[in-house]
Structure formats: structure tokens, C-alpha cells
Amino acid sequence: MDVTRDNFDHALAEFRLAISSCDFAAIDMEMTGLYADRARQPSHLDTKNERYHKLLQSVESYAVIQVGICLFSWVDSKPDEPKDGYYEARPFNFNVFPCTSVGGFPIESHFGCKNTAFEFLARNSFDFNKWVYQGIPFLNADQAERIRSDRVSLLTKRQPRMEVDDQHKAFVRDLEAALRKFMKSKADKILRYQTANSYERKLVYDVVARHNTLGTRSRHGCIEIFKGTRKGMAKHVAQKIHALNTSIDEARGFCQIIDILSAARKPVIGHNMLLDVMHAYSKFYKPLPATRSAFGKSLPQFLPILIDTKYIIESTPAIKARYRTSNLDEIAPMLERETQRGQTHGMIRNHPQFTRDVTHTMHEAGFDAYMTGATFIRLLNLEGELHLTAGSVSSELVLYRYINRLYVALGDELYWNLSGDSAKESRAMHAANGHVTVAEALDDTLANSDTPSLSDGCCSADDDDDDDQCSTGFEVVAFDDLVPV
């Protein structure tokens, strides 16, 4: 489903309904650029803190222009069907553009654009006009609260008098004279005062605000000034605040989708997803923390269950040896062809309402999100060395070792362990002998000191956490919901 501001309300209702019953979501994003120069590009020699700050610079420099979210739900086969069941996909392709106004007040933002990124997007049929003119607006919670606070302060508190330049002192004198005459008149209820520019409008608001029994309404080419009692003015201000809150809620736009995704606490799948997650956090949730450790601690409140398909591939020698690549646009078609030939499990179908505008074009965020989720399903159902068959207890436990480990490729480390930095996994360990069995994978997982045992509910006796939280702060995953039995 391609989503713009024109059909956003419909898509929002569809998304809210679908996510309640889905098993997991897959995400992907398109941006206006990645790294400003070679010095800011990730390097294998980076420390984790250096890598975080490089990604932080990228997030703060560039914009997100398209967000793909694909929801996957398991559907049991009917009794007369030979298949065991299948995953049903609902791909959403959201075109997003920063909010430009709230309640008539302009909201300005700036972001960088990389010429090579725009050329890449154009080659892949990205519609720049649709992005600008039909992109869904968004304001994250911090931005919305800051705007709300500023506007409410203007409405409810006496503001310092504006400095008037010499050119407009006569304008202010004429305005004050007109107001004195208007207030003495019993017949006149409304004064329409003409303004030539935004500066004169501000002067009118400033002068009228000094009178407790006068109010204003913005009109084209003029400002309406009306009389009222103190009680009436208080009611008028309350109405303005209500209208402001409505405008802010509407301006939050796409952030509502991310709010729903976060509240659902469902597993979120991505491919090489750390940058995507940081963009989602910064653009649609709140500003990124200054340090990596602070980000790691706050992430569970945003998206508690993350699984990176690039890490699954890179950390599993049998898969890496079989396909010899971990790039999504290379491995996803291979896995899809194998499924079509019946060599692997993992049948996937699009929901009937989500087939009409499927583009099947890589680097459209909605399609890439679909391919990421499909790749995740097919990786877990490979008939390879790991023997991950859907519904088996072994596959659920092996899956557990991929949770909250995001691929970073630093020196001899493959991943950033969001459950704690004490767990390290070297390339040498993964490359040794090239074979990993289910039993070996289980031994590695359960022997890891910072990986809780599933049998004890993820909490040790010394933990002060609630029973439904693991000691790392992440919710316990119901794998029977994720991998159908």
C-alpha cells in the first residue's frame, strides 16, 4: 500500500487493526544521504562509541523520505489444503515529509542532501514531487510539546512589548487610537484592521494583547478585533488552545504509526538496521542521546525486540557459505527462487488488499521491508546446517540468540549486543570449521553469561525486575507467537 497524506487516515486505521494480530514487523528506510565524507564513513577500526557518533552525525545531517513497514501474520491452512500454513504480508510504503506548519504558524527544519543519493533514488524511480507535495507530515513528541508550550505561553502569559522600528511607530499610534475609539463605541462589535505584512500583524497582536477584554481572529488581509468580558476572553483562549492541540495532533502525522509500532511491542526485523533504528528514534520518537550507552538503555522503551537479518547471515557460517553474500538485494532473490522451486519452507502471500500497487522494485522502502521480512522467514526455515524447521523448540531457542544483536562489523566483533556489552563474538569463532549444529548453537546460547535462560523467565533470583521483564530490560519473547507451532 503506497501511502501519502491523501490516504494516510485510511492507512492509519488499517495499520492499527493489522498490527494487533501480526506476528512481527519488518522495516526499511530511504534517506537523502548517508555520510558527508570519507572521514565520517564507518570503518572496521572504529570503536563502538566512535561508530555510534558517526551514525549520530549521519542521522542529524540527513532526512528520512520514505519508510517501509511490512506486517507479517501466520495463517493456518484450511483442512482441505495440503500446506502447513503460510505468512500473510501487509506492506506499507509511507512517503514522509517534515511538517511545515501547525495552526497557521510555519515550522522550519533543515536537512542535507547528497547528490549521489538523489541520483540513486532517481535511477530507482523515486517520485520527488510526490515526496514534497504529498508526503505525510511528522512531528515527534518532543517537537510537538515544544510547539505546544510556546504557543500556549503566547496565549496565556503577558509577553514583553515588541520593539517598534521608526518606520512603524506611526502605524502603532494609529492602531492605539483606533482601539480607544473602538472600545468607547457601544455599537461597534468588531474592528477589522488592515495589515500589509507579517510584521504589522505581529504589532497588532502585541498591542491588542495588552487589553484583557479584547480578542483577535486572523483573517485574509486583516485581523479581526472583537470585544468581550474577562470570562468570555478566557473561554476564547481555551478554544484557541483546543484548536492548537488538534492542529498539533494532526501535524504529528506519521509519528502516530511509529507510536503504534512501539506500543505493540512486537519483534521488529531489519537488515543492517542500526542506522534505520537510529533514524526512527530521532525523527519519530525523540532526540538521540549523546552517548551510545544512554541510547542502549533507552531503546527498550522504544523498540524492545530487534532482529537483524544481516547479523543472522554473517553469524551463521552454513548460511554464509551457501549464498556467499549478505547483501539484501542479492540474497533475497536467491531465497525467493529456492522457495518457488520448493527447496525450502516459508510460503509467503500478500494480503488481498495489499497486492494492487506492489511495485516489486528494490529500494522502494515498502518493498524492501517486505523482502527483509521474507528473508527473515526463509533464513529461519532453511534446510541447511542449522536445520531450522518452523515450530520446533530448537529453532525457537536458536532464534533467541539473534535478538537485540545489531550488525556493526567492528574489528573482530560482528554485532552490538543491546542486552549488554559483555557478550563478544569474534569472526574467528564463526569461521571455525564452518559448521554449526542446533545442539552447538544451543550450548553457545545458554552458556553465554549475559543471555538468560528461557526456563527461568529471563530473570535471576537477584533481579529486582518485574516477573514479565528480563534482567536486560527487554520483554520476554513469546516465540510460539513468532514461530508458529
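A residue is called buried when its relative accessible area is under 20%. By that criterion, eight of the eight residues of strand β2 are buried in this predicted model. The points below cover β2, the loop that follows β2, an open sheet of three strands, and helix α8.

**Strand β2 and its partners**
- From β2, Phe24, Ala26, Asp28 and Glu30 point one way, whereas Ala25, Ile27, Met29 and Met31 point the other way.
- In a regular strand, side chains alternate between the two faces of the sheet.
- Burial applies to both of these sets in β2.
- β2 runs antiparallel to strand β3 (residues 64–76), and eight bridges join the two.
- Met31 has Val64 of β3 as its bridge partner.
- With strand β10 (residues 268–270), β2 pairs in the parallel sense over two bridges.
- The bridge partner of Ala26 in β10 is Ile269.

**Tyr35 in the loop after β2**
- Tyr35 is located in the loop between β2 (24–31) and α2 (48–61).
- Tyr35 counts as buried because its relative accessibility is 16%, below the cut-off of 20%.
- Beyond its neighbours within four places in sequence, Tyr35 contacts Arg40, Gln41, Pro42, Leu55, Ser58, Tyr62, Lys114 and Leu275.
- Tyr62, one of these contacts, is 27 residues from Tyr35 in sequence, with a C-alpha to C-alpha distance of 8.7 Å.

**The three-stranded open sheet**
- The strand order is β7-β9-β8, and the pairing is antiparallel.
- β7 (190–194) and β8 (214–219) are the edge strands, each pairing on one side only.
- On average, neighbouring strands of this sheet are turned by 25° against each other, direction ignored.
- Helix α6 (residues 169–184) packs on the sheet and touches β7, β8 and β9; the direction of α6 makes about 170° with that of β7.
- Six bridges connect β8 with strand β9 (residues 222–227) in the antiparallel sense.
- Among the paired residues, Arg219 has Cys222 of β9 as its bridge partner.

**Helix α8**
- Helix α8 (residues 230–252) lies across β8 and β9 and runs at about 35° to β8.
- The end C-alpha atoms of α8 are 33 Å apart, which agrees with the 33 Å that its 23 residues should span at 1.5 Å a residue.
- The buried residues of α8 are Met233, His236, Leu244, Ser247, Ile248, Ala251 and Arg252.
- An α-helix has 3.6 residues a turn, so residues three or four places apart point the same way.
- Gly253, with a positive phi near 50°, follows α8.

Methods: Residues are numbered from 1 along each chain as its sequence is written. This is a predicted model: local features need pLDDT of at least 70, side-chain atom pairs count only at pLDDT 80 or more; totals for chains, interfaces and linings use all residues. Side-chain values use heavy atoms; hydrogens and water are left out. Two strands pair if DSSP finds at least two bridges between them. Helices (H or I, at least four residues) and strands (E, at least two) are DSSP runs, numbered from the N terminus. Axes are lines fitted to C-alpha atoms, for helices over the stretch in contact, and angles run from 0 to 180 degrees between N-to-C directions. Contact means heavy atoms within 4.5 Å. Buried means under 20% relative accessible area, exposed over 50%, partly exposed in between (1.4 Å probe, protein chains only). The expected span of a helix is 1.5 Å times one less than its number of residues.
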